[in-house]
Amino acid sequence: MSASSRRTSTTTQRKNPSMCQHQPACPTADSADREAAAPVACHPEQGWSLLCNGVLLFEDTGELLPDGQIIAPHRPLTTGRVTTAA
């Protein structure tokens, strides 16, 4: 294979473009509001959803980012739902 046949075209797009085709685009995986992206696959029976920005969002609010970073579950602790046994 010659060097000329291995050329790649140069674009202004990111290397790993998100799956988002929405206008305006959904938040990116590195945005603070990344969970607001639209789901492209939902599997509630397995406890996860894939968002269009590449984030795997788990039922317990944990996340797996496209770069492999893990975000620990961060459910809010509300005292309004806590009940005590008599």
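Arg34 is located in the segment that precedes strand 1, and in this predicted model the residue is buried, its relative accessible area being 14%. This value counts as buried because the term covers residues under 20% relative accessible area. The side chain of Arg34 comes to 3.4 Å from the backbone oxygen of Ala29. Leaving aside residues up to four places away in sequence, the contacts of Arg34 comprise Pro27, Thr28, Ala29, Leu51, Asn53, Val55, Glu63, Leu65 and Ile71. Of these contacts, Leu51 belongs to strand 2, which spans residues 48-51, and Ile71 belongs to strand 5, which spans 70-71.

The strands themselves, five in number, are arranged as an open sheet in the order 1-2-3-4-5, with antiparallel pairing. Strand 1 and strand 5 occupy the edges and have a single partner strand each, so that one side of each remains without a neighbour in the sheet. In general, the strands of a sheet are paired through backbone hydrogen bonds, in either a parallel or an antiparallel manner.

At one edge of the sheet, strand 1 (residues 39-43) is joined to strand 2 in the antiparallel sense over four bridges, and within this pair Pro39 is placed opposite Leu51 of strand 2. The hairpin formed by strand 1 and strand 2 has four residues between the strands, and Gly47 adopts a positive phi near 85 degrees there.

Along strand 2 the side chains alternate in direction: Ser49 and Leu51 are directed to one face and are buried, whereas Trp48 and Leu50 are directed to the other face and are not buried. Leu51 is thus a residue with several roles in this description, as it is buried, stands opposite Pro39 and is among the residues touched by Arg34. Ser49, which is likewise buried, has Leu57 of strand 3 as its bridge partner.

Strand 2 also pairs with strand 3 (residues 56-58), again in the antiparallel sense, over three bridges. The hairpin that these two strands form has four residues between the strands, and in this hairpin Gly54 takes a positive phi near 90 degrees. A positive phi, of about 75 degrees, is also found at Thr61, although this residue is not a glycine; Thr61 is situated in the loop between strand 3 and strand 4 (63-64).

Towards the other edge, strand 4 and strand 5 run antiparallel and are joined by two bridges, with Leu64 standing opposite Ile70 of strand 5. Glu63, at the start of the 63-64 range of strand 4, is one of the residues contacted by Arg34.

Technical notes
Residues numbered from 1 in each chain as written. Predicted model: local features only at pLDDT ≥ 70, side-chain atom pairs only at ≥ 80, totals over all residues. Heavy atoms only, no water. Buried < 20%, exposed > 50% of the residue type's maximum accessible area, 1.4 Å probe, protein only. Pairing = 2+ DSSP bridges. Polar contact = N/O pair within 3.5 Å; in protein donor to acceptor, adjacent residues only side chain to side chain. Contact = heavy atoms within 4.5 Å.
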